[in-house]
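Here is an informal walk through a few local features of this model. Have the sequence and the 3D view open while you read.

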Amino acid sequence: MQTETYRQLDRDHHLHPFTDFKALGEEGSRIVTHAEGIYIHDSEGNRILDAMAGLWCVNLGYGRQELVEAATAQLHELPYYNNFFKSTHPPAVKLAEALCRLAPAHMNRVFFTGSGSEANDTMLRMVRRYWALEGKPDKQWVIARENAYHGSTVAGMSLGGMAPMHAQGGPTVPRITHVRQPYWFGEGRPAGQDPETFGRDCAAALEAKIQELGEENVAAFIAEPVQGAGGAIIPPESYWPAVKEVLARYDILLVVDEVICGFGRLGEWFGSVHYDLEPDLMPIAKGLSSGYLPIGGVLVGDRVAETLIERGGEFFHGFTYSGHPVCAAVALQNLELMQAEGIVERVRDDVGPYLAERWATLADHPMVGEARSLGLIGALELVDPATGERFPKPLGAGTLCRDICLDLGLVMRSVGDTMIISPPLIITRAEIDELVSLAGEALDETARRLA
Ligand code: PLP
């Protein structure tokens, strides 16, 4: 089929996620046809450097035959069976063991889901159930953060702190609240506050919220180590140590959403390891299978698992595709390849620091107010070169820059006027040079068009 035929059929029949349906109908879609390594190709013959690894997930890059073969072999052996009612199958068991071996030492159980959103729904039910079983049924409030993203199911959307999502689709799940995010630049670089003071202030806001609700009513605090979809928000160094101090004063659970940061993105197997956190639960997905097939889960720490197992009886919860055998086989192969190829160490010791060095050079561009990165996640804050401050909203500098990037052969995502990257973990130094050079060209062209 030709590009225009695809576009027309797409317009006529396909409602896309996170898309203005009407605008898409007018503009038409980019039809991605194939991919290899860190590059995607479209139906018009363009080769594009995918600096978002799909949606923060294609960690091993495109076209890995080992993953194709793992899926094919499992499809032949056992294409489907479930994990309900005391059944299981080898891929689910082997993946559970491998995950718990890689997770922090106190996390020895996993509940599988089909996605990160389902992982957060599962987590919410587990957390509330845990406290009920502990004889504290009032401990139901979950504190999350403004501008967080935890998924698109009703619970995921409620846990997330994205106002436009809350504004659509009716009431959110009760007893979820949000506190200030540690986003120094995004909060306007508050006058008189350096980032470290600001980070401690954000932790203090968490403590104030716990006190306002009453510790006896608070079940958990949920956060991503680095906020991804909110704008690749790397918290000030002071933030996590201060949050840990707050949490140590109260008996509430810590949920660290590792859907983006897990599986090497920050140069450790989990973002929790990078920030020295001891989560009670960790929702996971995306990089678990390098996005080749949909699979997620919740890693559960011993404290919660013991109560759920010893006192819980049957947990009335599960998905048809919880621990799907083909997805589990691919995830297992993905983890084995990551270990054999030292992918996590490579991010920590080689390409992560190299990206940091090269990305920082973009801070010299007059349109960039801040360039930040950690491991293989990064952001550029676009500003008006004339003032050094953010552009007035209607200009849409981020969207313009994103479209220019695509024309130049680079997928870089925009969140407002923040440009973000999260490339495949197999990216080479030469490819990082190409990425940074394309980003620089896109900034030049964006500046030219806005001048
Ligand atoms: N949690 C985080 C931190 C995410 O970034 C996402 C997706 O981007 C999710 C949860 C939801 O995952 P999924 O899209 O697989 O449902």
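Strand E1 (residues 32-36) and strand E2 (residues 39-42) pair in the antiparallel sense, with 4 bridges between them. This is a predicted model, so keep that in mind throughout. If you want one pair to look at in the viewer, take Ala35, whose bridge partner in E2 is Ile40. The two strands make a hairpin with 2 residues between them. In that turn sits Gly37, with a positive phi of about 60°. How many of the 5 residues of E1 are buried? The count is 0, so E1 is hardly covered; being buried would take 20 or more other C-beta atoms within 10 Å of a residue's own.

Positive phi turns up elsewhere too. Most residues other than glycine have a negative phi. Two arginines go the other way: Arg175 has a positive phi although it is not a glycine, and Arg189 likewise has a positive phi without being a glycine. Here they are together:

| Residue | Phi | Loop | C-beta neighbours inside 10 Å |
|---|---|---|---|
| Arg175 | about 65° | between helix H8 (163-166) and strand E6 (176-179) | 17 |
| Arg189 | about 45° | between E6 and helix H9 (195-213) | 15 |

Why does Arg175 count as partly exposed? Its 17 C-beta neighbours inside 10 Å fall between the limits, which are 12 or fewer for exposed and 20 or more for buried. Arg189 is partly exposed as well, because its count of 15 lies between those limits too.

Now for the ligand. Which residues come nearest to it? Of the 16 residues around the ligand, those are Ser115, Gly116, Ser117, Gly151 and Val259. Helix H6 (residues 116-133) gives the most to this shell, with 3 residues. As for chemistry, the shell divides into 9 polar, 5 nonpolar and 2 charged residues.

Last, a helix pair. Helix H15 (residues 397-408) and helix H16 (residues 429-450) have axes that come within 9 Å and cross at roughly 130°. That angle makes H15 oblique to H16, because it lies above the 65 to 115 degree range for roughly perpendicular and is not over 145, where roughly antiparallel begins. Is the crossing of H15 and H16 left-handed or right-handed? The crossing is right-handed.

Terms used. Residues numbered from 1 in each chain as written. Predicted model: local features only at pLDDT ≥ 70, side-chain atom pairs only at ≥ 80, totals over all residues. Pairing = 2+ DSSP bridges. Near = placed C-beta within 6 Å. Nonpolar A, V, L, I, M, F, W, Y, C, P; charged D, E, K, R; others polar. Axes fitted to C-alpha atoms, helices over the stretch in contact; angles between N-to-C directions. Parallel < 35°, antiparallel > 145°, perpendicular 65-115°, else oblique. Left-handed = near helix turned anticlockwise from the far one by under 90°.
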